[in-house]
Each structure stands twice: as C-alpha cells, then as structure tokens.
Amino acid sequence: MSYWTAAQLQPRRERLALHMLAQENFTVYAPKLRERRTIRGHREDGQVPLFPGYCFVSIALQWHAARWCPGVVRLVMDGLQPAKVPDAVIEEIRGRERNGAVELPRRLLKPGDRVRLLAGPFRGHLAMYAGMPGSERVAVLLQILGGQQRVTLAQRDVEAIIS
C-alpha cells in the first residue's frame, strides 16, 4: 500500500532532489504555478513551484531512502513515520492543472477592496477597487495630489491585497 508524503528540499537544489528521488524509483510530484512577471520591461510567462521548497513523494515500501536523497532536507513527519497526505489532496491539485500548471481560483473583487497596482506609472501604489467597466478592464480609485482619481487599468495589472 503506497501513500503520499511531503519532503522539504534544500534551497536552490530542488531540481537535484527531484532527479535523485526519481533515480531511487520514487514517484514525485512538484506542482507548478503559472506566473507572469516583468523582466527588463518585457512580460514573460514562467512557472514557479506551488509549494516552494517542498514536493510530494509517493512511498511504496521504505521511506528511509527518500529521506537521505541528496537535496532532501527532511520528510514531514508525524511522530516516527512520514505524515500522510490524503490522495484526495493530490487529486484536487492535479485536477486544477491546465497545460502543466495549477490554476488557482481568481479572487473576485468587490467595490471598496484594496488593490496594488502592478504596472504603469503608478506601479506599487495602493488603490481602491471601484468596478469593472469593460472586458478585462478594472476601475480603481487612486489617492493622488490630495484627492481620489478614477483610473482604468488592465485587469492583469491589479492584484488584491489580502488582509
């Protein structure tokens, strides 16, 4: 009977750990998240770990070899045994994957929610969500020059501030 557990990986040695675990015949799962970032003014799509520094390992018989693989810091333990991750959790994460990356549910904004601007001349400023006037566009109220100004931006250029 096999089960899933979580392994903590050494910083900047994640790829080595995943490779070595696979070499030891462990099934590993390191879900990725699609990320859009701006590098030198150009938007690029990339993938980052959903759980940075961790992966899931399927344990079939012995778990000791997984613990001592290069790049693995430790297995997440529950007493003297590795903590079991329910199969339903792994299936839920895999069920959210689209084209090799997990898609998280988008948080719906309500008027009055605080947001951070991600691009443009007001990048980094905080604003208040004021609505969605058109497709893929959002309106925010920005505090500048002692008053509130309504600004319309692309939806991807605004992120919700979770408080």
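The following questions and answers go through a predicted model, from its sheet to its rings and loops.

Student: In what order do the 4 strands of the open sheet lie?

Tutor: The strands of this open sheet pair in an antiparallel way. The edge strands, each pairing on one side only, are strand 2 (27–29) and strand 6 (72–75). From one strand to the next, the twist averages 35°. The order of the strands is 2-5-1-6.

Student: Which residue of strand 6 is the bridge partner of Ala7?

Tutor: Strand 1 covers residues 3–9 and runs antiparallel to strand 6. The two strands are joined by 3 bridges. The partner of Ala7 in strand 6 is Leu75.

Student: Is Ser58 buried or exposed?

Tutor: Ser58 belongs to strand 5, residues 54–59. Leaving aside neighbours within four places in sequence, its contacts are Ser2, Tyr3, Trp4, Phe26 and Thr27. The relative accessibility of Ser58 is 15%, and buried means under 20%. Ser58 is therefore buried.

Student: How many bridges join strand 3 to strand 4?

Tutor: Strand 3 spans residues 32–39 and strand 4 spans residues 42–49. One of the pairings puts Arg37 opposite its bridge partner in strand 4, Glu44. The two strands run antiparallel, and the number of bridges between them is 8.

Student: Which residue takes a positive phi in the hairpin of strand 3 and strand 4?

Tutor: This hairpin has 2 residues between its strands. A phi near 50° is found there, and the residue that takes it is Arg40.

Student: Where is Arg12, which has a positive phi although it is not a glycine?

Tutor: Most residues other than glycine have a negative phi. Arg12 has a phi of about 65°. Arg12 counts as exposed because its relative accessibility is 77%. Its place is in the loop between strand 1 and helix 1 (14–23).

Student: What is the relative accessibility of Asn99?

Tutor: Asn99 lies in the loop between strand 9 (97–98) and strand 10 (101–102). Its phi is positive, near 55°, in a residue other than glycine. Asn99 counts as exposed, a class that starts over 50%. The relative accessibility of Asn99 is 76%.

Student: Which residue meets Arg96 in a salt bridge?

Tutor: Side chains of opposite charge can pair when their charged atoms come close. The structure holds 1 salt bridge, with a distance of 2.9 Å from N to O. Arg96 is partly exposed at 31% relative accessibility, and its partner is partly exposed at 43%. That partner is Glu92.

Student: How many aromatic pairs are there?

Tutor: A pair of aromatic rings is described by the distance of the centres and the angle of the planes. Ring pairs link Tyr29, Phe51 and Phe56 into a cluster. The count of aromatic pairs is 2.

Student: Is the pair of Tyr29 and Phe56 stacked or edge-to-face?

Tutor: The ring centres of Tyr29 and Phe56 are 6.3 Å apart, with 20° between the planes. The pair links distant parts of the chain, with Tyr29 in strand 2 and Phe56 in strand 5, 27 residues apart. Tyr29 is buried, with a relative accessible area of 7%, and Phe56 is buried at 9%. Since planes under 30 degrees apart count as stacked, the pair of Tyr29 and Phe56 is stacked.

Student: What is the angle between the planes of Phe51 and Phe56?

Tutor: The ring centres of Phe51 and Phe56 lie 5.8 Å apart. Phe51 is partly exposed at 36% relative accessibility, whereas Phe56 is buried. The pair is edge-to-face, a term for planes over 60 degrees apart. The angle between the planes of Phe51 and Phe56 is 85°.

Student: Which ring does the charged end of Arg94 sit over?

Tutor: The charged end of Arg94 is 4.3 Å from the centre of that ring. The residue carrying the ring is buried and also forms an aromatic pair with Phe56. The ring under Arg94 is that of Tyr29.

Student: What is the distance from Lys84 to the ring centre of Tyr3?

Tutor: Tyr3 is among the residues in contact with Ser58. Lys84 lies over the face of Tyr3, and the distance to the ring centre is 4.9 Å.

Note on methods
Residues numbered from 1 in each chain as written. Predicted model: local features only at pLDDT ≥ 70, side-chain atom pairs only at ≥ 80, totals over all residues. Heavy atoms only, no water. Pairing = 2+ DSSP bridges. Axes fitted to C-alpha atoms, helices over the stretch in contact; angles between N-to-C directions. Buried < 20%, exposed > 50% of the residue type's maximum accessible area, 1.4 Å probe, protein only. Contact = heavy atoms within 4.5 Å. Salt bridge = Lys/Arg side-chain N within 4 Å of Asp/Glu carboxyl O. Phe/Tyr/Trp six-rings, centres within 6.5 Å; stacked < 30°, edge-to-face > 60°. Lys NZ or Arg CZ within 6 Å of the ring centre and 35° of its normal.
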